[in-house]
Amino acid sequence: MAADKLRDLSQPMDVALLDATVDAFYGTGSQEERAAADHILRDLQNNPDMWLQVVHILCNTTNLNTKFFALQVLEGVIKYRWNALPAEQRDGMKNYISEVIVKLSSDDISFRRERLYVNKLNIILVQILKHEWPARWRSFIPDLVAAAKTSETICENCMVILKLLSEEVFDFSRGEMTQQKIKELKQSLNSEFQLIHELCLYVLSASQRAELVRATLSTLHAFLSWIPLGYIFESMLLELLLNFFPVTAYRNLTLQCLTEVAALAFGEYYNKQYVKMYSIFMVQLQGIVPPTTNFLEAYANGNNEEQAFIQNLALFFTSFYKSHIRLLESSQESINALLMGLEYLINISYVDDTEVFKVCLDYWNSLVLALFEAHHNLDNPAATANMMGVQIHIIPGLNDAHNSPLMQRRQLYAGPMSKLRLLMICRMAKPEEVLIVEDENGNIVRETMKDNDVLVQYKIMRETLIYLAHLDHEDTEKQMLKKLSQQLSGEDYTWNNLNTLCWAIGSISGSMVEEQENRFLVMVIRDLLNLCEITKGKDNKAVIASNIMYVVGQYPRFLRAHWKFLKTVVNKLFEFMHEIHPGVQDMACDTFLKIVQKCKRKFVTVQVGENEPFVSELLTTLPTTIADLEPHQIHSFYESVGTMIQAESDAIKRDEYLQRLMLLPNQKWAEIIGQARQSVDFLKDPDVIRAVLNILQTNTSAATSLGTYFLPQISLIFLDMLNVYRMYSELISTSIAQGGRYASRTSIVKLLRSVKRETLKLIETFLDKAEGQPHIGKQFVPPMMDPVLGDYARNLPDARESEVLSLFATIINKYKGSMIEDVPRIFEAVFQCTLEMITKNFEDYPEHRLKFFSLLRAIAANCFPALIHLSSEQLKLVIDSIIWAFRHTERNIAETGLNLLIEMLKNFQASEFCNQFFRTYFLTIEQEIFAVLTDTFHKPGFKLHVLVLQHLFCLVESDGVTEPLWDVATVPYPYPNNGLFIREYTIKLLSSSFPNMTTTEVTQFVNGLFESGQDLPLFKNHIRDFLVQSKEFSAQDNKDLYADEAAVQREKERQRMLSIPGLIAPNEIQDEMLDS
């Protein structure tokens, strides 16, 4: 009864009843009461007339939650329907909200008591302003400033409103408003700023009220980044700020404002004022904290305000230097102040706080890069003139210009740079390859989870250290060796010190010239091996071992040039493979693989002083080397040795090495198959199943690195392997048929399935890696048709392996058109039965989904003629499944579906079935793409949605489809062409989907699509603006709409990094490392 009374909005609402409902929702009552209250409140919120009751509710309730509920209703109307309301209703609401705000903030008691409510009202007012101002509310800023002058509390609240407005326009506007609206609001704020500026100055110079001063400083902080510079430098503002800086109560807010000013950079007009500001600031700063302060301790022992001050100080220095460091290099007086500031910043960089360190590191990286680029161009002007895309005319005699400004600048920074090197060495972050870490209890353990923040930090620190090394190789080497000798002597030995030092040594790999690198590394590796010998204790050994492995893994060029060192290092790794301390064996196997990949030829040639190639020696002792390793480590070891064998060019030797490598697994395999021939039940023993799995995994590892050369080995086991596959498959099906769905979760069935999966993975790996051997496909595919494909079709859904789909996708991608005859067979076996599994919902069989669409994509790309010959029912199934794919919120599946769709559209457009295909599917595809484009769950697909739409619109615009796309039987009026029909159809489609948009807006958008169809960036921007306008994409993270632009930027950066020695680690460069 009460619910019906509330829902009846034809008369003023019973506010007491609404209060009771809201209290029931937020209260501690029963689950049923809360659910009922929730139901009523949702109904009210969704009622389009509910907002007309808002003023009545706000006037008659004292319940804060009820007020918030009413304001939530109002916010929805302002966001989505404001412009559609009659003018008198808009004005009434605007005036009411303004009056309530003024009333509540006019005296101190009500302002403090109703603070939360006033804040929410301020937000509502700013939302209204985004629609009304400047066009329909010209006097807003003058009115606000006039109100502010009537009382200090109103003034304080006006500051809050101004701050919110500035943030809405300048900080949060992208994706919230159209480009045009943002521009208009920015211009209005700029032109009206004079009044706001006068108000701020007046408050700062006259008010004694701390809260008001703080609110004003906070508002200024939001405004300073965009106001015209004259307001800062040609008024009292800067002076007032610097006067407030020493006052403890305002110190942090003032420092934030000064930081905003420091970050501004527009020409040279105010250079003198900047130098003066910096000088006054430095004098005041020394009064607050002397430069000799130990910031590490000060931060650790400080309260929140003091910690924030240190962080803000870092932000001030880094912002000022980024924009104006060159100004401070002009006179001796300012140089002294600059060097002192850098000293402060280096000391702050030792603070043990991630955020503070990030701020400092980011700046050090950019300063060192600027110094390095100038130095790089000076040392090597011809090579680098073109590097930055700038044509530099080389001045004769520049190279010997030791007194050139560039050299003087380098000398000026030599002192701070040397201290910075020490900082980087002491604080180096952990690289990804290092698996051994110290836990919070001080124990040495194997790392269990990668910390992405640390990896990002490592990347920036590594880059910074490489620039620093290029600026002065001698100093870098001297500091590293000095620190290493302190480790050896024990005066500075701790796990952390040794780790950061070795990580720093490893990270500058590639930056030195070869001769210097050789000299440096001989000392480093010798000292580390000595340290390993003289240090006692398991944990110490593990830490030193991990560091030796990391360093040697980073310097493949050195190892290739020094066989004795390479051999010592590899034998040391074999020693570590017997070390059972957590993480050491894993790291030894990883490092072995990394070194072998870069030095593989060294192991297959006979080196000076040796009787046989190292690989032969290794194969002889292989059983003892791997005796203590876990199965997964053995597999990695096999991949490494496979890499060595692959480098042998003599086929006879290569096959002999392969035979010796696979001797152990092959003996075990022969034994198992022999026993199985006598009694098939032998294969059902869980231990035997595990042994089979392990043998297959070992084969897969070897196949990964050997590729084509693995042929003799796989031929040996292939047919037996298929028989085991078939038998295990039957066992699984029987178990599931007898035990139902739960049988698929039993350990024995899981184990049997692992064998099937590994079999498929082995075949896929081999076929994928086998290059230049088209006949291999013909040899391996026919025998698999029944045991693999037939088995997939015959199995129960829960027993089907998704790897079958990816195996055939790989085969089709590899052997392309030669597989056309097999496509119908593949289609028949997997298509219908897989679709039935994945179209019941979006969740079941996730692996099958992705692999199924990958297989379809392989067929569409390589065997398109096979798709044309499908029956119309089958083709409809394909299109439906593609639509099903891109409706997925799972990004990989949606993207695979969209890519597949784009390929299909292009292929059908070029075929003789173009008209037939588009007549059937054009409208369906357009409608479905608009559906996913305009909901907010599919943003990552934006780039591909745009490409599909562009294809469709260009197709009809260029008359690519010559038959009518409309249904001639039901549409009496014949359109002159498809373009006009699609225009009208799209306008109708979007108008019915977005009732909040006018027909003119929709028509404008659709016409724009046709006009910008040939210009992709324009087409894309046009769609972005529409999404914002339709209000579907507001107040959310819209970075996916700009993903393309970000990708171009990343590629540019990679090209730049490739041009600087060492910036991309030698291990990451995909070269055929010259180690002959």
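These legends go with a set of close-up views of one predicted protein model.

**Figure 1. The whole protein, before zooming in.** Let's start with the big picture: this predicted model has 52 helices and 2 strands. Along the principal axes, its C-alpha atoms fill a box of roughly 100 × 90 × 70 Å. Of the 1076 residues in the protein, 53% are buried. Take the contacts between residues at least 6 apart in sequence, and 74% of them turn out to join residues at least 24 apart.

**Figure 2. The span that UniProt labels "domain: Importin N-terminal".** An unreviewed UniProt entry puts this feature at residues 37-103. In the model, that span is 76% helix and 0% strand. Go from one end of residues 37-103 to the other, and the end C-alpha atoms are 32 Å apart.

**Figure 3. Y26 and D38.** Here we look at Y26, which belongs to helix α2 (residues 15-26). Is Y26 buried or exposed? Y26 has a relative accessible area of 51%, and the cut-off for exposed is over 50%, so Y26 counts as exposed. D38 sits 12 residues away from Y26 in sequence, and their C-alpha atoms are 9.4 Å apart in space.

**Figure 4. The second largest cavity and its lining.** A search of the whole structure turns up 4 cavities of 30 Å³ or more. This view shows the second largest cavity, with a volume of about 40 Å³. Which residues line the second largest cavity? They are L229, A265, F266, G267, E268, Y270, N271, Y274 and H324. Sorted by type, the lining has 5 nonpolar, 3 polar and 1 charged residue.

**Figure 5. R409 and its contacts.** R409 is part of helix α23, which covers residues 405-412. Its relative accessibility is 10%, and buried means under 20%, so R409 counts as buried. Which residues is R409 in contact with, leaving aside neighbours within four places in sequence? The contacts of R409 are I325, R326, E329 and L371.

**Figure 6. Helix α24, end to end.** This helix takes in residues 414-427, 14 residues in total. What span should α24 have at 1.5 Å a residue? The expected figure is 20 Å, and the end C-alpha atoms of α24 are indeed 20 Å apart, so the two agree. The buried residues of α24 are P416, M417, L420, R421, L423, M424, I425 and R427. When looking along a helix, keep in mind that an α-helix has 3.6 residues a turn, so residues three or four places apart point the same way.

Note on methods: Residues are numbered from 1 along each chain as its sequence is written. This is a predicted model: local features need pLDDT of at least 70, side-chain atom pairs count only at pLDDT 80 or more; totals for chains, interfaces and linings use all residues. Side-chain values use heavy atoms; hydrogens and water are left out. On a 1 Å grid over the protein atoms alone, a cavity is a set of points where a 1.4 Å probe fits but cannot get out, and a pocket is an open set with protein on both sides within 12 Å along at least five of seven lines; lining residues have an atom within 4 Å of a point. Grid points are joined across faces, edges and corners, and a volume is the space filled by probe spheres set on the points. Ala, Val, Leu, Ile, Met, Phe, Trp, Tyr, Cys and Pro count as nonpolar, Asp, Glu, Lys and Arg as charged, and the others, Gly among them, as polar. Helices (H or I, at least four residues) and strands (E, at least two) are DSSP runs, numbered from the N terminus. The expected span of a helix is 1.5 Å times one less than its number of residues. Buried means under 20% relative accessible area, exposed over 50%, partly exposed in between (1.4 Å probe, protein chains only). UniProt positions are given in the numbering used here, feature names are shortened, and annotations may be inferred rather than shown by experiment. Contact means heavy atoms within 4.5 Å.
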